[in-house]
Each structure stands twice: as structure tokens, then as C-alpha cells.
Amino acid sequence: MRYLPLTDTDRQAMLATIGASSIDDLFIDVPAEARLPGPIAGLPAHASELAVERHMTRLARRNLSAGEAPFFLGCGAYRHHVPASVDHLIQRGEFLTSYTPYQPEIAQGTLQALFEFQTQVARLFGCDVANASMYDGSTACWEAITMARRVTKRGKAILSAGLHPHYVSLAKTMARFTGDLLDTALPTLTPGAPGDDMARLLAGIDADTSCVVVQNPNILGHVADLSELAARCHDKGALLIAVVTEPVALGAIRSPGEMGADIVVGEGQSIGVGLNFGGPYVGLFACNEKHVRQMPGRLCGVTTDADGQRGFVLTLSTREQHIRREKATSNICTNAGLCALAFSIHLTLLGETGLRNLAALNHAGAVAAAERLATLPGVELVNGAFFNEFTLKLPREARPVVRALADMGILGGVSLGRLYPDAADLANGLVVAVTETSTAEDVEALAQALEAEIAA
Amino acid sequence: MSMNSEGRVTRPETLAAADAPATFTGNRALMLEEALIFERDDYARTGVDIAEAPATSSRLGGLERHRAIGLPGLTEPEAVRHYTRLSRQNYAIDLGLFPLGSCTMKHNPRLNEKMARLPGFADIHPLAPVDTVQGALAVIDELAQWLVTLTGMHAVAMSPKAGAHGELCGLLAIRAAHDAAGSDRSMILVPESAHGTNPATAAFCGYKVENIPATADGRVDLDALTARLGPDVAGVMITNPNTCGLFERDMKRISDAVHAAGGYVYCDGANFNAIVGRVRPGDLGIDAMHINLHKTFSTPHGGGGPGSGPVVLSAALAPYAPLPFVAKQPDGSFRLIEEETADQDHPGSFGRMSAFHGQMGMFTRALTYILSHGADGLRQVAGDAVLNANYVLRSLDGLLDAPFGPSGPCMHEALFSDDGLAPGFTTLDIAKGLIDEGFHPMTMYFPLVVHGAMLIEPTETEGKAALDQFVGALRSVAERAKAGDEALKAAPAFAPRRRLDETAAARKPVLVWKDETLPQAAE
């Protein structure tokens, strides 16, 4: 077997050293009735690299990849062009096949990259500090809610109607068991609705509220000023948690931290990581300095070595499960190190200039697409303000339209019926994301197909 | 000094690294220092050429970001050099043996990487119409079938993102099952030797936690456990093989006792590599167990993730599995069970625990690895992993104290204590000495039940010659620690950094770059 270096001669020599007669003898502590006598029946035997590659390639061909079609899906996962050097660099064995940097003297590469990542995330989000990553945006969002509970010692979280429904779903799953109270609402397709939700959030904050959770841009693509909400939260002793699922937006719009958010979490996938059918992604987590000891996850910090040279280590581990066990701030251990590295490399390649240009290009493309699509008969643009994603209200249910577009080879957006199957009011909603990867021809193809399908 | 026949020096006297003359750059030949990206002065540079945005009116609602963000940029050659230099300051499996106990640092086959990057897997959106991603769902289903069959369990939840997330999944299923039965049990029992994630996870989903003691032979104390079981105990979390590198011989009896008392058994499957293809946890009465795809099934650890932690479930817990999951239909096509049809298709589900379908990129890698090995190869994986660990254990007989060594063979990892080291010498000194020998150290100070624990997991992807060299190095370092060689206290001398002051880092944490607060690098 190509991954197993021991030869039978080696095995015999080693068994002799051990004083055992066979490998089976080493499993003596397993009760005999639980020991399998040979390979499990009904499963295939080993295969060559060529054979495995053939099998996997056949499966991959059964998918319509984003690059093969005009593509407009978003809602928490975005398709951006990732420079070739990003994937090359993260595949260097010293990054790919290293471990969580528990031995800092021989993990300075990972640690320095994480320190740079933390700084980039903190600056992008407008916060004092950021951690070394979480699993993804949805789990980071729940972790932020539990952190707000610890900071404020209150148990009610108010979730904005524009928070990604899967993030809401996850929070509901957890809250059912932890006893946290969640105040939730559904979005609507009425123009001006984001204002209604803002009024709901402002009015809902009371002395039991630990936090308000608001996504910006939100699930329908709306962007909003969070300043008033932040001020109201602070008046009432609650925290404002902002969620960013499209960090490229922060190359164009003001950061949540600038608008007063106390904790900012996000999905980092859209920078450096790729779509990957939903994972692995990278959760971003930032907050103000004063709350850092309540933060979950790994943190990398600066120190010096025995010679006085600057170096980096994992720090504040007394928050973490391997030290604090049941009193830890979170149970997270493995995070998303390699995806954080990809995020950081892509953001380093972009730099301030590149990120701003990329954001401008995304916004311009989205504005042009929204204007074009809003000319279709019976189609309404729901958004006032948006970044690279907007919602259309179609004259008919969007879900079958999306399916029909796929049959025509166009991945035309996410139907709100998929995300909110029980909300009849949202069934006609179609969320369209336009990034730098969508061309004007793609937009025109979508417009014409959509027009034909609506008329059908 | 040695010379060849021409009198030319072939082996110059070496100076200790610390005595070598300082260089102008701070570099030492291939050991290249690299500044932070924030320490360069040019924030205008970029390594990505982006088309100019056409002039359109802004629809940003007056929220334009005016203030500088503070993101430095590098051109591609600069970025490639920056990260390549950083990478060279890391130890990695690709460089040598990485015997971190409980972490299963085995070789990461490159075919896995190639397959995960096929556009049909890497470039598909999680919300793409289900008809357009049938191949992806087929991968999830095929991997799920393997995991269920290898473990002898009833079903598998694929969406957990890592081991600890899998623990959460298992405990939520246990809570949901108790809820459905109208029971409000509040206690989870955890052995003293458990991974820290076990008690942390139990607390994270609202349980109280109590420790169960171990016996003198390093296993769960069955009598103490049985005595503690009662109507408040929701379940127990057991690691098997356990963190002392031993198989819990009484596992089936533990399961039976827990079940008889109305509880469920969670198994931490971090150490599944030791038994894959040889023992099915389903035969031992387990109700839920996570499988770290990044351990047993060779997906790369990546400097701390991403992981992936599918959870296999017994028939009793399967009805509560999280959303979404993949269902195969009679015509061979696949369907996603999400919130929409959960009421009919999966009414007991405890809900969603991550935004999408789990770590697809890890599924393609793990399936690639599993197909490469096949049922026969996976059995050999466990056999060779256990053989290698026992070889290390016995090769250190008489030198290091193996508290459970006399009781027989270990499983996939060998455990030693710091007993017998010279006064003032610790496990840490041995670890740092191993760094100078060119090895990543073993897991230190874990499990907590052994003083100064050293937990060594060589994995099956090491050959005999590599093990012999490692054993030689460890013997040499351990002998120095037993003899009280003061020079060992200064190790590592040859790493990119010498011992780092972790206490100072925690006392005044500097977690992001701020010009005024950072110490300058020594000249």
C-alpha cells in the first residue's frame, strides 16, 4: 500500500522487539467478541491512484460548477476570483501539514501568519482585537451571542430579521438547550422594510437584553447604518453584535466597528477560500479590547524568546477548553487555520488599494445588474441601498424559476423559498449576487432567461 | 577536525549557534527573518490587477467607507516570498516524524488535495439547485456509507465542523432524546483523563459535568462509574481507545450499565485510527461517536484546521440527527433534507448546527483516502499504527517510566511520565531537546492523570528507520534529562526561536499590530 512504509520484514523485526507474535496479539485488550477477524465484508479493497482519481472525477462531473455557467448565487457564500498564488502557498507542506502551534519555537510561520490575520480582521471590522478564526460565520455568530451573555450576564438576544436564516436556525438549535431567549422576526419584501425591522430592534432592547444581532449587508442585500442601534444598545447595557457574511463589502462601506458594534463576527469565505459546497470556510471574530478575556477561540500574541528576539505564541489559553475544561469560554479546539491563512494571503495580495477597487467593481456590477433586471416586466427591486447583492420580487414564485434557469445552464440566484420555505410572503423573492466574476454578458443572459421564464 | 586525503578540512569545528557571529540582516543562511506585512511602509501596493469599475451611481446609502482601513498590500513576488519564508519557520509532517499523541499526524496524501480541487467539488455553491450538485451529494452519501459500515452504527450526521463540534452534535442528540422522553437529566459523566473538549462541550450545551476516576491501570473505574449512575445522569463521555493509549476493556459493560440506568454513551472517537477496520464501536454499545476526518482519514491539519467531525449514531439517537442531510431516493438520485421537509422526513431532528452541509472539502479528501486504502488497507492502517506505538514503547523500556507499560501492549500511542528525571528537569526540557534533534515533540502534560505526561503517537505512515532514529534521539535527550545536563535547559538552540516567554505574552496581551506597543526585534 503506497501510504504504508513498513515491510513484512520490518513488522517481524518490530514484533520481535515487542515480544509479540503477531499484530493481532497487540489487540489483546479488545474483548474477543468485538475483534473483527478480517477486513469488513461488503466494502471494496484498496485501489490505485489512477482508479480513485477516475471514480472521483466521475462524481465531480455530475455537478454544474459555478465557472461553467452564468452564476449569481450568494446568501452567505460568494464567488470571487482567488489569485493562483493563494492556493499555491497554502499547499506548501510546512503550512498544510503542520499542527496547531503548541510548540511555538518551530511554528513561527503559522503564528506570525495568524498574528497578521488577526490584525487584518480587526482593521477590516473596525475592532480592537480579533481571534485566530472559528469554524465558520454561523458558529461564530452563536459564539458571539454566548459571549454577550457572559459579558452582560443577561440571557435575551434580539436577532434582526435580516440575519441569515441558517444562522438563526443554528441559534435556535442551541438556545433550546442553553435556555437563552431569542427574539426573532422574518424579513419582508416590502420596500422600506429594513426600516421597520430597525424600529423593532430599537424598541425591543430592554434591561434583560444581552445583545442585538444584526447582519450588514443583510440576507436580502440591504446595507444599513448601525450607529443609532449601537447607541441604544449601549444606553441599555446591551452589546451590539454585527455579522458580516460578505467581507468584501467592507472595502466600500463603513465597518461595523466604526458604527459602534461591540462584537463583529463574519464568514471569511469570500476572501481567499472558495465556494467548496459550504465548507470548509473560516469564521471571523473580533471585539473590543475590554472583552478579550471573554472571547472564544485561539489567540496569537507577541512575546520574546530567551535571546530577546521577538516571537509569537498562542496566548490567554486560560479561557480555553484544554486548560479550563467545563469553565472554558467555548469548546472549540481545531479552528480553520488553513482557511484563515488563505484569507490572509488573499487580503495581503489585495491590500487596501486592491480591496477598495474590488469592492468598487462589485458594487458597480451589481448596480448595473439591478437596474437591468428591474426593467423586466413585473420585476421589482426590493432594495434601497445594497452592495453586491440585491433582492428582486418576481411576479411569480421564485423557486421554480431558479430551477428552470438551472435547466437553461444559468445559476440565477437564491430563491427565498429555499431559505424560508414556510413564509408565503417571501416566495417570490430572488436574491441575486453580482461579483467581479459575473460579466455583462452573464447579466444579459440572466435578464433574457428570467424574462422568458416569467412570461412562461 | 577531520580532513580528507588532500588535507582539506571536510568537517570544520562547529561553533554553538549562539556563538556564531551576528549577521547584518539577522538571517542565518537559509534561516531567513521576515518582517510583518505591517512593518513595510507602503500601503498602496497591490498584487491583484482589477479592472476599473465603470462609472455608476452609488447605491451604498451614504455608508461609503472613507477612513483608511490599514491593510498593507504586496505584489505577487513579494507575497510569495513573504509566505514562503514564513512557511520555512514551521515544522510539518512533510519534514519529519510528528508524534503528537492524540492528534494523529499522519501523512496527507496529495491525491486528496488534487481531488478536492476538481472544479466540480471546489467551485459549487452550497445553495445551488439540488439537481446541479448530485455528484457532491453522492460523495457525502458514499462517505457516510463507509463511516456507518466501518463503525457498525446506524446513521451518521455529516455536518459537524470538527471534533469538538461533533461532540456537541452527539450531546445535543442525547439531550433531544431525553427531552422527547420527557426526562430532564442534567449530568454528564466524564473520565479524568478526557480531552478538555469533553467537559467544555457538555457545559456548552447546558449540562453539568462530573469526573469519574481512573483505575491504577489507566482505565475508567467501572465500579465508581456504576455507583454514580442514576436518574440525573444523561450520559457518559468515554474516549476509546483512551487518552492513556489503552483500550477500555470494559466498554461493553460500561455501555450496558449506562443504558440500564437510562443514559446514553458518547464515545470520543479521536483515537479511532487505532481500531479502524478491526473493531466496530457499534459492537460496544456506543450511542454516538465523532470521527475526526483530519486524524483517522488523513485530511490535513493545516496549522490548526479546518477539521471535520461527522458523528455516527445508534438507532436510538439517529432520529434526532441534525439538519441538513442527504437522502438517497429509489431512483438513485439524492435529495437534501432541510428545514422545509423536516417535519415529515425527520421530525425529531434537534435542528441545524452549521450554516451549510459540513466540511465538503474534507469529505472529498477523506473519501479519496478511504477508497485508496479500501477495507483491507484501513485494517492495516490500525495494525501498523498500533505496531509502531508498541515498538516505541518497548524501545524505551528501562529509560523512561511508562506507568501503564507493564500491563501489556498499548494501542496507537505510548505514554510516559517524568518520573526519574534529574531534579529540576521536566517534560518540557525533553520536548525542547527533541526540537533540536529535528523532531516535533510529543504531546506534553496530557492526559492529566499522569505526572509530566509524554504521549507519543507515531502513526502508521512512519517506517522502521524513521522510528529507530526518533527512538535514538529520544533516548539521547532523556538520558541528558536524567543526568541533569544543564545545556538541555537552553534547548532549543537551533530552532527559528529559542524558548518563548508565554507568561509575558499573557500578562500584557498584544494581539494585533500597533506600532507603539510592540517590542523591536533584537539586532
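The C-alpha centres of domain 1 of chain A and domain 2 of chain A lie 27 Å apart. This comes from a predicted model. Domain 1 of chain A is assigned to 69-81 + 352-455, and domain 2 to 84-346.

Where the two domains touch, domain 1 of chain A supplies 32 residues and domain 2 of chain A supplies 26 residues. On the domain 1 side, helix H11 (337-373), strand S11 (389-393) and strand S13 (429-433) of chain A each give two or more residues. H11(A) gives the most to that side, with 7 residues.

H11(A) also packs against helix H14 (residues 440-455) of chain A: their axes come within 10 Å and cross at roughly 20°. Angles under 35 degrees count as roughly parallel, and H11(A) and H14(A) are therefore roughly parallel to each other. The crossing of H11(A) past H14(A) is right-handed. H11(A) contributes A:Ala368, A:Ala369, A:Arg372 and A:Leu373 to this contact, and H14(A) contributes A:Val443, A:Ala447 and A:Leu450.

Between the chains, the contact takes 180 residues from chain B and 174 residues from chain A. On the chain B side, helix H10 (residues 360-395) of chain B provides the largest share, 22 residues.

The table lists the residue classes of these contacts.

| Contact | Nonpolar | Polar | Charged |
|---|---|---|---|
| Side of chain B that touches chain A | 93 residues | 53 residues | 34 residues |
| Side of domain 1 of chain A that touches domain 2 of chain A | 17 residues | 10 residues | 5 residues |
| H11(A) with H14(A) | 6 residues | no residues | 1 residue |

Methods: Residues numbered from 1 in each chain as written. Chains lettered and ligands numbered in written order. Predicted model: local features only at pLDDT ≥ 70, side-chain atom pairs only at ≥ 80, totals over all residues. Contact = placed C-beta atoms within 7 Å. Helix = DSSP H or I, 4+ residues; strand = E, 2+ residues; numbered from the N terminus. Nonpolar A, V, L, I, M, F, W, Y, C, P; charged D, E, K, R; others polar. Domains from an automatic or database assignment. Axes fitted to C-alpha atoms, helices over the stretch in contact; angles between N-to-C directions. Parallel < 35°, antiparallel > 145°, perpendicular 65-115°, else oblique. Left-handed = near helix turned anticlockwise from the far one by under 90°.
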